[in-house]
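Biologist: Could you take a close look at one part of this model for me, the site around the ligand? I would like to see how the surrounding protein is put together there.

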Amino acid sequence: MIHLDDITKTYHTGKVDTEVLLGVDLEVAAGEFLAIMGPSGSGKSTLLHILGLLDRASGGRYTLAGQEVSGLSDAELANLRNTLLGFVFQAFHLLPFATALANVLLPFTYASDYPDDAQEMARRALAQVGLEHRLHHRPGEMSGGECQRVALARALVSEPEVILADEPTGNLDLRSSLEVMSILQRLNEEGKTIVLVTHDAQIGNMCRRLLKLNYGRIDSDEPVEHRELAAELLAGLPEDGR
Ligand SMILES: Nc1ncnc2c1ncn2[C@@H]1O[C@H](COP(=O)(O)OP(=O)(O)O)[C@@H](O)[C@H]1O
Ligand SMILES: [Mg+2]
């Protein structure tokens with residue numbers, strides 16, 4: 001699904017060059033659930049943005065679903081992004097005055113063809129994250145965990161093959177984090193490929209493969225030995241356990 005070959009990234013800011021990725025090789029097959037961990041500033045978000053076609057690498061080759069992306073135009077990249085990828089960010093990035101339903105419909109309003117059953121697809125995506133009872137709530141009327149689940153529904157609505165999540169539980173309490181992770185684990189069981197950035201070892205331990213980044217290089221890349229199931233941890237929380 002994802003194939004990176006000697007990917008580098010240097011940011012140019014004024015006269016200063018910051019080398020952030022120093023040659024990353026990575027292969028992610030369909031159906032994997034990969035966690036990217038590493039200290040702050042190690043290049044995790046940069047790598048995820050490149051994977052998500054939100055930014056271009058400075059060097060190396062990136063092949064996504066069989067397409068070498070460096071030769072593609074911005075419009076072609078946007079098209080590939082819209083059809084193949086769904087994003088979730090730490091800060092939700094929801095429109096504050098739009099309902100959950102309207103937020104989930106957003107990807108369609110940017111797309112060239114608005115599907116006839118868009119409303120139905122959005123309702124289904126919200127049901128997938130357990131929010132069928134929050135269709136007309138606005139972000140300010142929901143908890144952080146619910147907002148992140150709306151953001152996840154928005155990522156799911158165009159039925160992408162790959163979900164990319166940058167610290168999706170970074171702003172959430174324990175219960176909400178586990179709720180989001182149990183949804184991601186279920187989606188992965190159903191076949192979605194997921195790449196998730198986190199600095200939380202317990203969250204990393206809920207994925208299937210753990211990659212550690214350090215100063216722009218891969219330090220280690222190993223399967224998760226004793227994977228934790230978020231749904232089980234959730235069931236074990238006390239009633240008021242946040
Ligand atoms: N747009 C940018 N322009 C210049 N430098 C950047 C930019 N984005 C990130 N950086 C720098 O690149 C390094 C890695 O950033 P990032 O990928 O966000 O790390 P992480 O997500 O692991 O904390 C940091 O030193 C950061 O300051
Ligand atoms: Mg980051």
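Modeller: Happy to, and please keep in mind that this is a predicted model. A good way in is through the secondary structure: β1 (2–13) and α1 (44–51) each supply at least two residues of the shell around ligand 1. Of the elements, α1 gives the most to that shell, with three residues. Going through the shell by name, ligand 1 is surrounded by Tyr 11, Thr 13, Val 20, Pro 39, Ser 40, Gly 41, Ser 42, Gly 43, Lys 44, Ser 45 and Thr 46. Sorted by class, that makes seven polar, three nonpolar and one charged residues.

Now for the polar distances. Gly 41 takes part through its backbone, with an N or O atom 2.8 Å from an oxygen atom of ligand 1. Ser 45 has a polar side-chain atom 2.9 Å from a ligand oxygen, and for Thr 46 the distance from a polar side-chain atom to an oxygen of ligand 1 is 2.5 Å. As for cover, ligand 1 on its own has 570 Å² of accessible area, and the protein covers 59% of it.

Let us follow the two elements named at the start, beginning with the sheet that holds β1. This open sheet has four strands in the order β2-β1-β4-β5, and the pairing is antiparallel. At its edges stand β2 (16–28) and β5 (67–68); each has a single partner strand, so one side of each is left without a neighbour in the sheet. Between β4 (residues 59–64) and β5 there are two bridges in the antiparallel sense, and Thr 63 stands opposite Glu 68 in β5. α1 packs on this sheet, where it touches β1, β2 and β4, and its direction makes about 120° with that of β1.

There is also an open sheet of six strands, with mixed pairing and the order β6-β7-β8-β3-β9-β10. Its edge strands, β6 (85–89) and β10 (217–223), each pair on one side only. Neighbouring strands here are turned by 15° against each other on average, direction ignored.

α1 turns up again at this sheet: the helix lies across β3 (33–37), β6, β7, β8 and β9 (209–214), and runs at about 155° to β7. Helix α2 (residues 74–84) packs on the sheet as well, touching β6 and β7, with its direction at about 80° to that of β6.

Two strand pairs show the mixed pairing in detail. β7 (residues 162–166) and β8 (residues 193–197) are parallel, paired over five bridges, and there Asp 166 stands opposite Val 197 in β8. β9 and β10, by contrast, pair in the antiparallel sense over six bridges, with Asp 221 in β10 as the bridge partner of Leu 211. These two strands form a hairpin with two residues between them, and Tyr 215 in the turn has a positive phi of about 45°.

So, back to your site: α1 supplies three residues to the shell around ligand 1, while its packing takes in β1, β2 and β4 of the four-stranded sheet and five strands of the six-stranded one, β3, β6, β7, β8 and β9.

Key: Residues are numbered from 1 along each chain as its sequence is written. Chains are lettered from A and ligands numbered from 1 in the order in which they are written. This is a predicted model: local features need pLDDT of at least 70, side-chain atom pairs count only at pLDDT 80 or more; totals for chains, interfaces and linings use all residues. Side-chain values use heavy atoms; hydrogens and water are left out. A residue is near a molecule or strand if one of its heavy atoms lies within 4 Å of it. A polar contact is a pair of N or O atoms within 3.5 Å; within protein, one must be able to donate a hydrogen and the other to accept it, and residues adjacent in sequence count only if both atoms are side-chain atoms. Accessible areas come from the Shrake-Rupley method with a 1.4 Å probe; for residues, only the protein chains shown count as cover. Ala, Val, Leu, Ile, Met, Phe, Trp, Tyr, Cys and Pro count as nonpolar, Asp, Glu, Lys and Arg as charged, and the others, Gly among them, as polar. Two strands pair if DSSP finds at least two bridges between them. Axes are lines fitted to C-alpha atoms, for helices over the stretch in contact, and angles run from 0 to 180 degrees between N-to-C directions. Contact means heavy atoms within 4.5 Å.
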